[in-house]
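Welcome! Let us walk through this protein together, beginning with the whole chain and then visiting a few of its sheets and a helix.

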Amino acid sequence: MKEEIYEKIISLAKRRGFLYPSYEIYGGESGFYDYGPLGTLLKNNIENKWREFYVIGEGFFEISTPVITPYDVLKASGHVDEFIDEIVTCKKCGASFKKEDVAGKCPLCGSEEMVEGKLNLMFETRIGAKKQEMAFLRPETAQGIFVDFPFLYEFFRKKMPFGVVQIGKGFRNEVSPRQGIIRLREFSMAEAEIFFEPDEKSHERFEEIKKEKLTLLTMDDEEMVMEAGQAVEEGIVGSEAMAYYLVLTHRFLTSVGIDKGRIRFRQHKREELAHYARECWDAEIFSERFGWVECVGIADRSAHDLEAHMKATGVDMRAFKKYDEPRKVRRRITKPKMNLLGRDFRKKAVKIAEELKKVDVDGDMENVTVNIDGEEMKIGGEYFEIVEEEVVESGKKFIPHVIEPSHGIDRIFYFILEHNYRETEKEGERYVLLSLPPSMAPIKAGVFPLVSKDGLPEIARNIERILRKRGIMAFYDESGSIGRRYARMDEIGTPFCITVDYQSKEDNTVTIRFRDTTEQVRVKIEEVPEWIEKRL
RNA sequence: GCGGGUGUGGUGUAGUUUGGUAACACAAAGCCCUGCCACGGCUUAGCCCCGGGUUCAAAUCCCGGCACCCGCACCA
């Protein structure tokens, strides 16, 4: 079964409307998948559960920003330069290869005229018909949040820490997308960016989670099961905040139906850290088919992104923290001697003086180099004096640090199917059921008349209607034998089946059957919606 | 991107060696039957990945493309 589990799930997913290969009637396109009717319901359930955790549970706010991202934004963030593969192209025949695969000669035509180039993993596009501004489809949703930081900081009334989330599509033009839905060129991600004061990465709800045990695989390839609190104490996990989001991620994954015995957190080694990350833990999920696969990346991005955007635009991305008490600070500053500067530098004197004031005083300085209109100038010590002064500071400015849990929705989607796929024998036949958590199931209740006559269908249809009115996804079915209808619902993970029988006509009750045990209970029709709501 | 393999109803397969009316099971739709777990009866619809070539004739042979699978490489 191990080898075929993927095939079985993809086959089930296609047959029952969870997933379709995109553009299949045109031969298909590698790296793209469609979510079918049931798949879309399940995916929405995952995303809504994620919102329950991050928006409701954590008090973060969700925003929505464009997929198309101007060149300058991703240049500043480092993606234009860092998000690349090195390639070489043959001048003679035009073929391209990865640089490390080629030893000077073109493998196809033998030509030695090879041009080095870079293949960026981002999809390029253009904005506007005339101007043709260069742009990309975003490789992550995060940048949309970072560039809105000044608005968001204002929105949160300048209180730190705060979190902003986004669920949306990201795009990476993978060189060779294999593994179906595990490696897509267009994929859904749910990202949270939590802004902290630097070095204040404690977490106010750390107490709630510090006893929770996590499986950790550290940078040094040591695997251990450890309480979150201890991991922070021992310096294995860098901050309380990081540990908090590891636990939160673990809770989220198990609540959507990932088997808790098949989750571990693997720390990135230094050389594999993305260009923006200082510490990163991946939540990996074990797959019979693919082994351990990264599904959530939890990265400490430090001040990287805000700093980069501040540098590129000049917009102040700093936050301000007021001290409890204003502090008197003694500091040493340079005090320009204007009379000498004016005498010797004339018109430039004012600018030089401004630059001099910005210089950090470090010991006794004999001279200071300043940059005036692009010109480096060495200003001798005779032009300024160093004085000690006392100033009152009411607070400090800083560029916030960011911790980012980033969830790959499509991978989680697949692993939910894999972890909940159950196969048994029923009278010699293969019998399949999806043991999804009820809250994830695309359809919550099947509603059947035991036989399609004697007024039973009418009663059943009415129950279906009532459930739908209450916002419960229900599905009416009267075709085939009752066993067949149960089987159809089991295969798509429907947790409850409601059957109207002859007794229903007498006492207004129905049976409710449980997917995983096939046990039945009898419930009054009027109580059915509430009965189901309680169990979702 | 390289090497190997595969591509037949919705799904899973047979047929390809040796070119000649494409088969089976399950699933699906309709009607009947039916007092609770896919297993009754009748009926229906639906398939040779795409393009080119060889041939009287191609699912079958050849070439190209695409997709999927395995390995290598790559990627977070």
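Among the contacts in chain A with a separation of 6 or more, 64% join residues that lie 24 or more positions apart. Keep in mind that you are looking at a predicted model. Chain A has 536 residues, and 49% of them are buried. Its accessible surface comes to about 27700 Å², with 47% of that area belonging to carbon and sulfur atoms. As for secondary structure, the chain holds 17 helices and 28 strands.

**A sheet of nine strands**

In general, the strands of a sheet pair through backbone hydrogen bonds, either parallel or antiparallel. Which order do the 9 strands of the open sheet follow? Going across, you meet β3, β10, β11, β21, β16, β15, β14, β12 and β13, and the pairing is mixed. At the edges sit β3 (61–62) and β13 (223–227), each of which pairs on one side only.

For a closer view, pick out β12 (residues 213–217) and β14 (residues 263–267): they run parallel and are joined by 2 bridges. Here you can find L216 standing opposite F265 in β14.

Helix α9 (residues 240–255) packs on this sheet, where it touches β11, β12, β14, β15, β16 and β21. The direction of α9 makes about 145° with that of β16.

**A look at helix α9**

Is α9 mostly covered or mostly open? It is mostly covered, since 12 of its 16 residues are buried. The buried residues include A241, Y244, L248, H250 and F252. You can also check the length of the helix yourself. At 1.5 Å a residue, the 16 residues of α9 should span 22 Å, and because its end C-alpha atoms are 22 Å apart, the expectation and the model agree. Just after α9 comes G257, which takes a positive phi of about 110°.

**A sheet of three strands**

Another open sheet has 3 strands in the order β4-β9-β8, and its pairing is antiparallel. The edge strands, pairing on one side only, are β4 (68–70) and β8 (124–127). From one strand to the next, the twist averages 45°. Between β4 and β9 (residues 133–137) there are 3 bridges, and T69 stands opposite F136 in β9.

**Strand β27 and its partners**

Now move on to β27 (residues 509–514), a mostly covered strand with 5 of its 6 residues buried. β27 pairs in the antiparallel sense with β26 (residues 496–500) over 4 bridges. It also runs antiparallel to β28 (residues 520–524), and 5 bridges join these two.

T511 is a handy residue to find in β27: T499 stands opposite it, and its bridge partner in β28 is R522. The hairpin of β27 and β28 has 5 residues between the strands, and there T518 takes a positive phi near 65°.

Here are the strand pairs from this tour side by side.

| Strand pair | Sense | Bridges | Opposite residues |
|---|---|---|---|
| β12 and β14 | parallel | 2 bridges | L216 and F265 |
| β4 and β9 | antiparallel | 3 bridges | T69 and F136 |
| β26 and β27 | antiparallel | 4 bridges | T499 and T511 |
| β27 and β28 | antiparallel | 5 bridges | T511 and R522 |

Key:
Residues are numbered from 1 along each chain as its sequence is written. Chains are lettered from A and ligands numbered from 1 in the order in which they are written. This is a predicted model: local features need pLDDT of at least 70, side-chain atom pairs count only at pLDDT 80 or more; totals for chains, interfaces and linings use all residues. Side-chain values use heavy atoms; hydrogens and water are left out. Two strands pair if DSSP finds at least two bridges between them. Contact means heavy atoms within 4.5 Å. Axes are lines fitted to C-alpha atoms, for helices over the stretch in contact, and angles run from 0 to 180 degrees between N-to-C directions. Buried means under 20% relative accessible area, exposed over 50%, partly exposed in between (1.4 Å probe, protein chains only). Accessible areas come from the Shrake-Rupley method with a 1.4 Å probe; for residues, only the protein chains shown count as cover. The expected span of a helix is 1.5 Å times one less than its number of residues.
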